[in-house]
Amino acid sequence: MKTVLGWLAALAFACATQAAMAADPAAVYGQHCAACHGADRLGAMGPALLPESLERLRASELDQVLHDGRAATQMPAFAGTLAEPDLQALARWLRTAPTAMPQWHAEAIRASHIVHHAPGSLPARPVFGADPQNLFVAVEAGSHHMTVLDGDRLAPVHRFATRFALHGAAPSSAATAAMSTWPAAMAGSASTTCGTWPMWRRSGSA
Ligand code: HEC
């Protein structure tokens, strides 16, 4: 009995020291993550890190992203930078809702819109010959450009600069649908307006 109690005491002590050793996860986040994921965790250049947006990641997947980063993206590996207890505390903290829930209203979305071509300022007919029902959009994450491809010939129709490290793209069917109802967009730029919506979910591996 004495031995069991001794073990329990040792275990409790070990847990307590480990908890004590972990740095404050909010401070760790502020120092290492906020620049890319937003001070309020609502996302910036990187995605939102809130319980709602992380719920589809298994615990082991979250651990892996924190340890190893995500290959071919801007998400760095932290295994060499942060101690194991800090990474664990950070993972637990990310699964916990912030005390003040960040706000992102329709008004803020509208305010973030950049209108590249005002409605009516482009020719009414497409200036490219590509079939608007068969277009592909390629996001060039490394060079911060996007290319619209003619799906029949897999040849570039138009390439344009995007904002820094733009992530993901509409699936080609959705893009095609959007483009076919949007002929003016074909004339100059693939999109006439774009806004920021940081609470996106990752779609596929793009
Ligand atoms: C230099 C910018 C940058 C920094 C710094 C950074 N991240 Fe990221 N992070 C990203 C980007 C970009 C992605 C999206 C990667 C992708 O396309 O899958 C990402 C993805 C993630 C994901 C996966 C989210 C999801 O929904 O799949 C987690 C979790 C994450 N980061 C946590 C962190 C934490 C915690 C820190 C700080 C310790 C941190 N990141 C620091 C840029 C960054």
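**Ligand shell and a three-stranded sheet**

Q: What is the make-up by class of the shell around the ligand?
A: This is a predicted model, where local features need pLDDT of at least 70, side-chain atom pairs count only at pLDDT 80 or more, and totals for chains, interfaces and linings use all residues. Residues are numbered from 1 along each chain as its sequence is written. Here Ala, Val, Leu, Ile, Met, Phe, Trp, Tyr, Cys and Pro count as nonpolar, Asp, Glu, Lys and Arg as charged, and the others, Gly among them, as polar. On that split, the shell has 15 nonpolar, seven polar and two charged residues.

Q: Which of the 24 residues around the ligand come nearest?
A: A residue is near if its C-beta atom, placed from the backbone, lies within 6 Å of the molecule. Of the 24 residues, the nearest are Cys33, Cys36, Gly46, Thr73 and Met75.

Q: In what order do the three strands of the open sheet run?
A: Strands are DSSP runs (E, at least two residues), numbered from the N terminus, and two of them pair if DSSP finds at least two bridges between them. Strand 2 (residues 135–140) and strand 3 (residues 145–150) pair in the antiparallel sense over six bridges. The open sheet is antiparallel, with the order 2-3-4.

Q: Why is histidine 158 classed as buried, exposed or partly exposed?
A: Histidine 158 sits in strand 4 (residues 155–161). Buried takes 20 or more other C-beta atoms within 10 Å, exposed 12 or fewer, and partly exposed is in between, with C-beta atoms placed from the backbone. Histidine 158 has 19 such atoms within 10 Å, so the class is partly exposed.

Definitions and conventions. Helix = DSSP H or I, 4+ residues; strand = E, 2+ residues; numbered from the N terminus.
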